[in-house]
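Could you take a look at this one with me? My notes are below, in the order I would read them.

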Amino acid sequence: MVKKLLSAARPEDRAHVQYHISCGPGDVARYVLLPGDPDRVQKIASQWSSRRKVAQHREFITYTGKFKGSPVSCTSTGIGGPAAAIVVEELLRVGADTFIRVGTTGALSKGTSVGDVVISTGSVRLDGTSSQYVWTGYPAMANYEVVAAMVQAAESLGVRYTLGVTASTDSFYTGQGRPGFRDYMQHQSEVIIDDAKRAGIVNFEMESATIFTLAGLYHARAGCVCAVIANRETDEFVKEAGVSEAISVANTTVSILNEWDNLKEANGKRNFYPSLLFKNR
Ligand code: URA
């Protein structure tokens, strides 16, 4: 169906339904989980007490519902920074303010096993999208409240996790030190894993740097929990390893953040700090 949008610079309709994600105001909760894989949206929502499919367009599927009484949505981003940036841009316009990437990753050392999860404290911006927003020196930081809630979620669920700095690349193959077709490789790809390890980087994935950069610029909150499906030191790759655990951590993070946000509001505070938990008890 041919449908005219507001303008070329503002691709939304009169009800503010966004061009790519097909969601409008009221369709999503403030807390939005962001898997890359559209097939994972239903799996994430299956842990909720209620859910409804809100929209589907291209690789972007959105569900909204409740997890343990907390309002929550989930939108798939597809792979990579360009699509993740579109999703964050459009979700912000319809009311989201907290982004929880739940993805998959390759760990760089054998201390982080396949089947564990990685919680990112920040990301090295080896993507291309974020540099179209701001200087490359601008930090891609996870929000401290989201990180703390993720750590609490993993601890309470008994999920094995590593906390540390992630590197986001725009290339799954040469960007992460894997040979391209017919073993194509430049020098930078040959040294990327060693250099990353020397810098203490825990893992490679492909979206968190873009999501963190945009969240920082727009005063939103973002965090990232990834299932370790590959380990570059042991050379293992196990599809879906740790994915259920990462999803449980992400959903539980939402209920913890919702509790903390309610405490902040009740006490007139802008930021969460641990002793708020004991103030009214
Ligand atoms: N996702 C990545 O970006 N890299 C991996 O090695 C596994 C998942």
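The points that follow go from the ligand to the nonpolar cores.

1. A word on the basis: this is a predicted model, where local features need pLDDT of at least 70, side-chain atom pairs count only at pLDDT 80 or more, and totals for chains, interfaces and linings use all residues. Numbering runs from 1 along each chain as its sequence is written, and side-chain values use heavy atoms, with hydrogens and water left out.

2. Start at the ligand. The residues around it (a heavy atom within 4 Å) include Thr-104, Thr-105, Gly-106, Phe-172 and Ile-229. The shell splits into five nonpolar, four polar and two charged residues, with Gly counted as polar.

3. Which strand gives the most to this shell? That is β5, with three residues. β5 (98-107), β9 (203-205) and β10 (221-231) each supply at least two; strands here are DSSP runs (E, at least two residues), numbered from the N terminus.

4. Now the polar side chains. A side-chain N or O atom of Gln-176 sits 2.8 Å from a ligand nitrogen, and a polar side-chain atom of Arg-178 is 2.5 Å from a ligand oxygen. On its own the ligand exposes 240 Å², and the protein buries 94% of that (Shrake-Rupley, 1.4 Å probe).

5. Then the largest nonpolar core (buried residues, under 20% relative accessible area, joined through side-chain atoms within 4.5 Å). It has 65 residues, and Leu-33, Leu-91, Phe-99 and Val-225 have the most contacts inside it. Helix α6 (residues 243-266) gives the most, with ten residues.

6. Finally, a second, separate core of seven residues includes Leu-108, Ala-167, Ile-193 and Phe-204. Phe-204 is also one of the residues around the ligand.

Conventions. Polar contact = N/O pair within 3.5 Å; in protein donor to acceptor, adjacent residues only side chain to side chain. Helix = DSSP H or I, 4+ residues; strand = E, 2+ residues; numbered from the N terminus. Buried < 20%, exposed > 50% of the residue type's maximum accessible area, 1.4 Å probe, protein only.
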